[in-house]
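Hi,

Here is the structure I promised to pass on. Have a look at it first, and my notes follow below.

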Protein chains: 2
Amino acid sequence: MNSYQLNLKTLLDRSARYFPDNEIVSREADGSLFRYNYAQFYDRVRRLANALNSLGIKKGDKIASFAWNNYRHLELYWGIPCYGAVLHTVNIRYGEPEIVHSINHAEDKVLFFDKDLLPTIEAIAHQLPKVKAYVILGDTIPKTTLSPLYCYEELLSQTDSNFCFEELEENTPATICYTSATTALPKGVAYTQRSIYLHASALCHTDVMGISEHDHILPIVPMFHVNAWGLPYAAIATGAKLVLPGERPKANELLELIESEKITYAAGAVTLGVDMLTILEKRPYNLSSLRKLHLGGQAVPKAIIEKFFYKYGVPIVQGFGATETSPMVSFTRIRRDQKQLSDDEKINICCRQGMLIPGLEVKIVDELGEEVPWDDEHMGELLVRGPWIASEYYNDERSLSAFVDGWWRSGDIATINKQGSIRIVDRNKDVIKSGGEWISSVQLENELMAHPSVLEACVVAIPHEKWLERPLACVLLKKGQNNTNMEGELIDWLTPKFPKWWLPDQIMFVDEIPKNANGKYNKNLLRKMVSQTLLT
Amino acid sequence: MNSYQLNLKTLLDRSARYFPDNEIVSREADGSLFRYNYAQFYDRVRRLANALNSLGIKKGDKIASFAWNNYRHLELYWGIPCYGAVLHTVNIRYGEPEIVHSINHAEDKVLFFDKDLLPTIEAIAHQLPKVKAYVILGDTIPKTTLSPLYCYEELLSQTDSNFCFEELEENTPATICYTSATTALPKGVAYTQRSIYLHASALCHTDVMGISEHDHILPIVPMFHVNAWGLPYAAIATGAKLVLPGERPKANELLELIESEKITYAAGAVTLGVDMLTILEKRPYNLSSLRKLHLGGQAVPKAIIEKFFYKYGVPIVQGFGATETSPMVSFTRIRRDQKQLSDDEKINICCRQGMLIPGLEVKIVDELGEEVPWDDEHMGELLVRGPWIASEYYNDERSLSAFVDGWWRSGDIATINKQGSIRIVDRNKDVIKSGGEWISSVQLENELMAHPSVLEACVVAIPHEKWLERPLACVLLKKGQNNTNMEGELIDWLTPKFPKWWLPDQIMFVDEIPKNANGKYNKNLLRKMVSQTLLT
């Protein structure tokens with residue numbers, strides 16, 4: 001046919017030409033809303049390219065961002081890859097060692113950061129020998145030890161928007177993101193112009209997210225987290241209104257944004273969904289514009305889906321994804337042959353991680369690597385491949401064990417039903433291997449969290465002489481709930497729902513369940529805490 | 001990221017696994033409906049691959065189809081490219097010279113044909129030295145001079161479905177289609193695995209056709225015509241119900257199919273839309289399942305859009321496309337900022353060829369090749385490029401003049417408005433150059449056809465001493481209409497709508513307007529007819 005390359009420039013140029021007046025909204029630190037349009041965004045993206053040039057940035061150079069979801073970060077999202085450099089979105093919730101490691105490992109030349117994150121950068125700058133310049137994402141330069149430090153607005157105002165993006169080869173790296181890394185140093189995944197393009201295109205399918213120019217999109221998921229699930233790319237490619245929630249958005253602030261900006265599609269962590277429900281109990285918000293609330297980062301408990309749907313009329317969707325997969329692999333879908341089902345039955349479908357997105361391949365395999373059947377009973381490790389699935393980590397020998405024959409081994413244990421819907425039942429390392437049988441910690445957690453007194457629940461394996469491993473549940477009760485007689489009540493609650501040998505041997509009531517940088521339960525830490533408690 | 005190849009196999013395997021029970025319906029010669037499901041389709045596609053192997057077909061070999069829209073043709077659509085061979089869909093409406101030329105030029109090794117088309121093939125077989133075998137798409141072998149002749153059903157039953165498609169390199173040619181060729185021998189365009197994949201993916205975007213598993217799709221557009229606008233690929237890739245209308249479908253039979261199979265998306269020639277309206281005047285059909293009726297092949301006259309919308313509640317969509325563009329370049333869309341417009345205003349938007357599909361680039365240029373502004377006034381030749389736009393004709397030196405710096409020169413004259421919506425105003429060779437100014441024959445035709453007495457209208461240039469060219473209109477009145485005083489009435493009808501110098505110098509009432517193989521007006525022939533009439 002031809003040698004036309006898939007790249008972000010084509011999508012950006014078209015949107016700038018077609019939708020100059022379409023709006024981008026960005027919440028500022030003081031809670032006010034900054035507004036501009038696609039024409040202004042495009043102007044600044046090209047100024048940024050000129051600024052990168054004046055900073056001596058070459059094609060292929062890595063550039064770090066350390067920032068919240070805001071319009072300047074969005075400009076980096078498009079300007080850096082279209083220039084031909086590589087945007088490395090550093091996770092601002094990392095501990096210092098992970099921040100330092102990922103910046104040094106990626107060999108970032110310049111670091112762009114938000115004003116309020118200056119102290120973190122100042123504290124580690126002496127450990128970043130390869131960073132040649134810092135840029136503060138604001139309009140003034142504060143007193144600081146960082147040097148050389150440039151001011152973003154000054155860089156942009158010192159140049160013009162007369163920059164013509166070249167047609168990059170589609171396999172040019174565009175962005176890098178590092179995994180959340182609960183157990184070891186983070187691993188980097190490089191996304192290319194092509195992989196981002198194809199992933200964004202899939203998100204626009206009616207049968208996937210159906211992202212459209214008619215949407216008002218609120219990415220709550222941080223922009224340092226797997227390209228904010230691809231939303232800033234799909235949104236700009238279609239011309240959608242994009243609303244960025246700024247620094248440390250709280251649940252009530254997000255609900256206000258949904259109401260005031262008539263958000264049609266919002267996406268964020270399950271924990272934020274829980275927080276939203278707490279707020280909603282106290283104060284009503286008009287959420288009628290929301291066609292979907294996409295929750296992720298972990299499986300969404302059924303109770304949350306039910307509450308959003310029945311009480312507030314908000315349909316929850318979810319999918320399976322990871323840093324290695326750009327991230328969307330599968331997505332909630334009601335099939336044609338399920339259209340006539342009751343709401344209850346449809347909610348059960350939405351409790352799963354959904355159907356494989358066209359273009360990808362998936363399989364579940366046993367410990368010998370053999371495929372297991374799609375009968376929703378056999379559990380297996382989920383393997384994925386396709387045009388936006390990584391085939392290696394960036395300069396990392398851990399690639400060898402994670403990628404096999406082009407397939408990425410997710411480390412997640414799943415079942416798939418006859419309709420092809422994926423259900424993640426556990427992490428490979430978290431599944432409880434009790435006497436040769438597997439017990440899903442996640443299924444136990446979901447049922448525990450469905451109990452009206454329970455806020456959070458986390459199930460881990462404890463060593464057992466005879467069965468090798470047995471489940472123990474850590475439970476955080478809702479405020480005002482008392483744990484007297486609660487252990488018996490929770491076991492009674494679980495009993496009709498699981499085989500007898502699945503029931504936890506013990507329930508431990510805790511004041512907090514530890515979480516990692518992305519808000520997921522930190523089961524390693526919890527296992528350590530539990531074993532110390534059990535020993536004392 | 002990785003070297004994963006975009007190809008049809010991935011889409012086919014997924015759909016077969018996810019939607020084994022989804023239905024494919026095919027109208028037989030006797031009007032009955034053949035029904036089977038994706039599992040059976042997949043089984044037969046793999047049997048076909050084994051049969052190709054047993055016929056000695058190698059990767060890259062070209063194989064011709066000469067067939068209507070039916071399930072066996074659909075099997076060729078998927079089986080031949082997934083096997084690694086190239087499907088050449090020969091236009092059954094060509095004259096003999098074009099059929100012979102295209103088969104010989106493509107060097108087709110095998111020719112699959114529908115039973116009722118046997119006489120055509122018998123008549124030309126002696127001119128096809130490179131065709132080594134014929135396959136009749138049926139279950140019996142009739143008496144014939146063709147040799148060797150195989151029976152499709154026999155080939156499939158003699159093998160099994162144990163065939164594993166390999167992962168083809170994405171630039172492997174998948175299908176070939178030849179242009180309609182009104183003035184010269186047809187030119188071939190080869191589509192690749194990648195270009196078909198990317199084009200089908202774009203059709204699934206909510207902002208384009210939004211093809212979904214929930215759709216019941218009726219491709220009326222022939223399957224020998226630019227991959228039936230990509231619908232058989234997008235439909236199978238999503239798992240949609242596909243309804244194929246078989247041989248010589250008449251407007252009433254199509255309306256019956258829409259009603260009985262609850263079609264949601266139908267696509268065919270404008271002329272068929274006109275025929276449907278004629279039938280609908282006499283008999284009601286329930287068309288409420290139709291979310292869109294996509295008409296193409298030429299600009300859709302406003303009167304037709306209005307009638308379908310206001311009288312039958314059917315929204316008409318259209319786009320710009322050609323054999324060289326896979327074919328979809330642009331598509332009707334109501335933008336976010338147009339949502340509040342009245343129905344009348346929205347219909348005006350639907351009269352245009354719509355907005356560029358993401359991933360493509362378009363420009364309009366003057367006779368010197370300079371871009372002209374998007375103000376809806378400046379006319380220019382439409383140029384297109386992108387991942388599913390051809391960059392050459394198949395083994396044809398005419399490529400040199402049609403493709404420039406990766407852009408395809410459409411030969412169509414268009415304007416583009418500030419909202420980016422394309423409006424084709426004429427073919428380059430049909431635009432009437434009157435005294436240095438351009439007159440759009442298509443705009444005159446549309447307004448003439450909006451007159452209640454006019455069925456068809458075609459405007460061509462006639463030579464003029466002073467102005468070089470002047471417009472002449474040929475008009476076919478509706479049945480029962482009388483042409484007495486009609487010339488004056490039609491000129492009065494046009495007068496308020498155009499500058500005075502646009503008005504046709506003469507209106508000629510005819511019994512028929514000649515059309516080419518794809519149902520478009522044959523203006524070359526008409527110009528000849530007109531000049532003969534004017535001379536006599």
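Let me start with a charged residue inside chain B: Lys523(B) is buried, at 7% relative accessibility (buried means under 20% relative accessible area, exposed over 50%, partly exposed in between, with a 1.4 Å probe and protein chains only). Its partner Glu445(B) is buried too, with a relative accessible area of 5%. The two side chains meet in a salt bridge, 2.6 Å from N to O (a side-chain nitrogen of Lys or Arg within 4 Å of a carboxyl oxygen of Asp or Glu). This pair links distant parts of the chain, with Glu445(B) in helix α14 (residues 441-449) and Lys523(B) in helix α16 (residues 523-535) of chain B, 78 residues apart. Helices (H or I, at least four residues) and strands (E, at least two) are DSSP runs, numbered from the N terminus.

Some housekeeping: this is a predicted model, so local features need pLDDT of at least 70 and side-chain atom pairs count only at pLDDT 80 or more, while totals for chains, interfaces and linings use all residues. Residues are numbered from 1 along each chain as its sequence is written, chains are lettered from A and ligands numbered from 1 in the order in which they are written, and side-chain values use heavy atoms, leaving out hydrogens and water.

In chain A, seven of the nine residues of helix α14 (441-449) are buried, among them Glu445(A) and Leu448(A). Over all chains, the structure holds 74 salt bridges. One of them pairs Glu456(A) with Lys515(A), the closest N and O atoms being 3.2 Å apart. Glu456(A) counts as buried at 15% relative accessibility, whereas Lys515(A) is partly exposed at 35%.

Now the two chains together. Chain A can be laid on chain B with an RMSD of 0.1 Å by a turn of 180° and a shift of 0.0 Å along the axis (least squares on the C-alpha atoms of residues with pLDDT of at least 70 in both). That is the relation of a two-fold axis. The residue of chain A that comes closest to this axis is His205(A), at 2.1 Å (C-alpha).

Between them, the chains bury about 5200 Å², 47% of it on carbon and sulfur atoms (accessible area, 1.4 Å probe, that two parts lose on being put together, summed over both). Met1(A), Tyr18(A) and Arg336(A) supply 19% of the area that chain A buries there, more than any other three residues. Ten salt bridges are counted between chain A and chain B, including Glu371(A) with Arg17(B) at 3.9 Å.

Cheers
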